[in-house]
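Work through these short exercises with the model in view. Try each task before you read its solution.

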Amino acid sequence: MSDPKQPLIGGEPPPYPSAPPPPVYNPSTYHSTAPPAYGPTTQHNTTVITAPPVVAATTLVIRPRTYLVWSIVSILWCPILGIIALLYSLQVDSEWAAGRYDEAYAASRMARILNLISLFCHVAAWVVFVIVIVSVNAA
């Protein structure tokens, strides 16, 4: 290795170039001509295109529930309503994937309603069954 105190092989490195002087501020020419509000302008062989600002309003879209498991269990309680609810549950994903968000929400809502009706029918059937069994055994 070389001794750090010895000069480099090529001698001293070249000096860094001096920085350019700062630009001169002349208030009289600073705002002499305003560029057009919109459209292309040319400055220093470069085309600059200015456009109005775009303000985009974004809304958060939440994916609706499919109620798929509830629909499958609902087939055991009330088969006809359960199958229809299952079809609506499966429709939620396909409508969402196609970008039809309103239809996806409507299908989700319909699946929930049909599942609730199926559950109500199941509970009502059990209540009637219990009443009939109790009244038969009491007599």
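The exercises below go from the whole chain to one pair of helices.

**Exercise 1.** Describe the make-up of the chain in this predicted model.

*Solution.* Start with the elements. The chain has four helices and two strands. From the N terminus on, they run α-β-β-α-α-α. Next, take burial. Of the 139 residues, 17% are buried. Last, turn to contacts. Among those between residues at least 6 apart in sequence, 50% join residues at least 24 apart.

**Exercise 2.** Work out how helix H2 is oriented relative to helix H3.

*Solution.* Locate both helices. H2 covers residues 68-77 and H3 covers residues 79-97. Their axes come within 7 Å and cross at roughly 165°. Angles over 145 degrees count as roughly antiparallel, so H2 is roughly antiparallel to H3. The crossing of H2 past H3 is left-handed.

**Exercise 3.** Find which residues of H2 and H3 meet, and sort them by class.

*Solution.* On the H2 side, take Leu68, Ser71, Ile72, Ser74, Ile75 and Trp77. On the H3 side, take Pro79, Gly82, Ile83, Ala85, Leu86, Ser89 and Leu90. Now sort them. Nine are nonpolar, four are polar and none is charged.

**Exercise 4.** Check the length of H3 against its number of residues.

*Solution.* H3 has 19 residues. At 1.5 Å a residue, H3 should span 27 Å. The end C-alpha atoms of H3 are 28 Å apart, which agrees.

**Exercise 5.** List the buried residues of H3 and say what they pack against.

*Solution.* The buried residues are Leu81, Gly82, Ala85, Leu86, Ser89, Val92, Glu95 and Trp96. They pack against H2 and helix H4 (101-138). After H3 comes Gly99, with a positive phi near 85°.

Key. Residues are numbered from 1 along each chain as its sequence is written. This is a predicted model: local features need pLDDT of at least 70, side-chain atom pairs count only at pLDDT 80 or more; totals for chains, interfaces and linings use all residues. Side-chain values use heavy atoms; hydrogens and water are left out. Axes are lines fitted to C-alpha atoms, for helices over the stretch in contact, and angles run from 0 to 180 degrees between N-to-C directions. Angles under 35 degrees count as roughly parallel, over 145 as roughly antiparallel, 65 to 115 as roughly perpendicular and the rest as oblique. A crossing is left-handed if the near helix is turned anticlockwise from the far one by less than a right angle, and right-handed if clockwise. Contact means heavy atoms within 4.5 Å. Ala, Val, Leu, Ile, Met, Phe, Trp, Tyr, Cys and Pro count as nonpolar, Asp, Glu, Lys and Arg as charged, and the others, Gly among them, as polar. The expected span of a helix is 1.5 Å times one less than its number of residues. Buried means under 20% relative accessible area, exposed over 50%, partly exposed in between (1.4 Å probe, protein chains only).
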